[in-house]
Amino acid sequence: MATSVAGEGCQSLNGITSDHQTKKLTDLPTELLEHILCFPVLKHVDICNVSCCCQRLHDVCHGRGKVWGHQYKLRWPRLQRFYRQNESCDWLREYKTRHRVGIQIRRTVESISKRFFTEVPCVGQVLGDSFAEIESLGMPEHFCEDELLFILNSDKRKSLTLKYYAKKILYFLRQQNILRSLKTFLEQPVEQQSALGGAVLVDQYCNPLADVTLDSISAQLDEITEKVKKMLRIKNPSHPSLRSTQGECFVLEDFDHQRQAVSALNSVLYEQLQYKGNAMDYYNPLNSYIHQVLLRRTGIPISLSVLYMTLARKLGVQLEPVNFPNHFLLRWCQKPRGSEDIYDFVYIDAFGKGKQLTAKECEYLIGHQVTADYYSAISTTEVLLRMVGNLLNIGKRGEGNEKSYQLLRDSLDLYLTINPDNVQYLLLQARLYFHLGIWPEKVLDILQHIQALDPSQHGAVGYLVQHTLEHIQHKKHPVTPEMKRRSTPEHLEVQYSVGLIMKHKRSGYNCVIYGWDPKCTMSQEWITTMRVHQLSNGANQPFYNVLVQDGTCRYAAQENLEPHSAPLEIGHPEVGRYFSEFADTHYVANEELQTRYPEDMDETLVTVQELYHRLASDSGTQDHPAPATDQNEHQAMPM
């Protein structure tokens, strides 16, 4: 550590003889030492080594000092928002805790693949309460989330299995937080519950990996409000709304002022910003998510009504939500002291560009008469139940794929958090979990709750209880999955191997193979429905399990598949369950898939070598012309 600067009688480069003195690194001022030790090239191991050299450097590298604070911020920049600026903190302890959490999280994520690879089918895969292991670590939750994000943001093409399960855990952890926030929201006094706040929570729960916050949504609405005020200023420079500040609660008493504000709102929202109802793609769940409505400027009646009502209140106009059948509306009282007479209100159709309707015209909108009860204002809780009910119906209309099952699960969770004693949806939740083969212990809890609420459901409950108990018993004695070796005589006709990127000859879709059978193993009904008998080799040929680019999982006959001429990544949500890496020409099977198909990866490597390296060689030959005899030989070579 000691560095000789100049010795007695030694001449420096400028010809001046210095006095005899020896300067040490440790003689430098503390501020300068801290500055040196904060160089980005130094890692935490280097700082540990430096601090062990002597007492002076140990003191400079103390836990609450600048050096360890810098190391912490350099390593985990996303965590800075959890600390106040210039906060006095034991950074060394924080660093050790965060480092330990990272190791534990990785171990837990890695273990999940081994335990759950064969337990849950590809469609509707959910890992249930096994995520409790993450919570049981007892560490700060933001440390856990930061490590999961660190895994997800690492090299895009590698550690796919680790990322697959990290994403599921992060999804679960965020949803648990949002459910707690929703319960807190519902416990607030009714007058403090805003429809926008509830709608944002619904949005967050269904999109836990998206960056959706109430602050960001409110900021966007404030921008729209400023545009409306700008238009108001042109029409009426003295309008009272222009004097209000952001966040201020006020009500316009004068009806002319209210009408001016609503007129300006319609002009900005529907003419200037081009918001509209999404009649062409009405059942798209994105229409129900507030951040997507703002992004795409389209939605369904209830989501557009929440935005419209929130913007109107920012301008001093009080509108109330109306749970009108088949078409959500807003009502605007035209009497100064309020009224409950349905004919004293104007009804606003936010889906129909803010059109104002009478009570009779509302009935024309849906094509039949309704009782006066349907014109009543409803609470924020009822708004949320209708919003979540729409998502539930979309989930039930789904095609039985991963997305529709996830939407159904999410919307059921939300609905039963708001209304926990709804027997119809409790039974639907139990049936869904039973169908997916997940969380049997929770299914029994749900069924017990149903039986207590409504004993008349004993028939359906008894059936599900019996089969759920059988499922739990079956889990205690898991069946060892079949190991498929290509070298066995019955598998000799299997041409392709797991990890190969294929193209379907007839349908044209791109896919990757994650499993195969020497013959079709589907039921006779499926074989008939899919017209397998029309194939030249019928069902008596190898069939392959493939993950398709569009997010579906399919079972394709060998004669319908061919290796892709230009391999590409397959954007399927389940890729990480089976593969650990995308290697440009193929996918590398993870440890669990290789255990099931122990000879396939060698075959895959041979195949891609023959297919794509030969093509590359042919391309290189065309770029650099060879002698005529060589060109003829290449032309005669079959592809």
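## His572, two cores and a one-sided helix

The backbone nitrogen of Glu574 lies 2.9 Å from a polar atom of the His572 side chain. That is a good place to start in this predicted model. A second backbone group joins in: the oxygen of Gly551 is 3.0 Å from a polar atom of the same side chain, that of His572. The two pairs are set out below.

| Backbone atom | Partner | Distance |
|---|---|---|
| Nitrogen of Glu574 | Polar side-chain atom of His572 | 2.9 Å |
| Oxygen of Gly551 | Polar side-chain atom of His572 | 3.0 Å |

Where does His572 sit in the chain? You will find His572 in the loop that runs between β13 (561-563) and α21 (575-578). Its relative accessibility is 7%, so His572 counts as buried, the cut-off being under 20%. Setting aside neighbours within four places in sequence, His572 is in contact with Leu547, Val548, Gly551, Thr552 and Cys553.

Now for the nonpolar interior. In soluble globular proteins, nonpolar side chains tend to be buried together. Here the largest nonpolar core has 47 residues, and Ile224, Tyr275, Tyr308 and Leu319 have the most contacts inside it. Two or more residues each come from α9 (195-206), α10 (214-235), α11 (255-272), α12, α13 (301-314), β6, β7 and α15 (380-397). Of these, α13 gives the most, with 8 residues. If you would like to zoom in on one member, try Tyr275: not counting residues up to four places away in sequence, Tyr275 touches Ile224, Leu269, Tyr270, Val293, Leu294, Arg297, Thr298, Leu304 and Leu307. There is also a second, separate core of 39 residues, with Leu201, Leu432, Ile450 and Leu464 included.

Helix α14 (residues 359-366) is worth a look too. Its buried residues are Ala359, Cys362, Glu363 and Ile366. Because they cover an arc of only 100° around the axis, these residues are on the same side of α14. What do they pack against? Their partners are β6 (329-333), β7 (345-349) and β8 (355-357). Just after α14 comes Gly367, with a positive phi of about 85°.

Finally, a word on confidence. The mean pLDDT of the protein chain is 86, and 88% of its residues reach 70 or more. Among the elements, helix α12 (residues 290-296) has the highest mean pLDDT, 97, while helix α24 (residues 628-636) has the lowest, 35. Residues 1-19 have pLDDT below 50, and this stretch has 23 contacts in the model beyond near neighbours in sequence. Residues 121-130 are also below 50, with 34 contacts beyond near neighbours in sequence.

Methods: Residues numbered from 1 in each chain as written. Predicted model: local features only at pLDDT ≥ 70, side-chain atom pairs only at ≥ 80, totals over all residues. Heavy atoms only, no water. Buried < 20%, exposed > 50% of the residue type's maximum accessible area, 1.4 Å probe, protein only. Helix = DSSP H or I, 4+ residues; strand = E, 2+ residues; numbered from the N terminus. Arc of directions from axis to C-beta. Contact = heavy atoms within 4.5 Å. pLDDT = per-residue confidence, 0-100. Polar contact = N/O pair within 3.5 Å; in protein donor to acceptor, adjacent residues only side chain to side chain. Core = buried A, V, L, I, M, F, W, Y, C linked by side-chain atoms within 4.5 Å.
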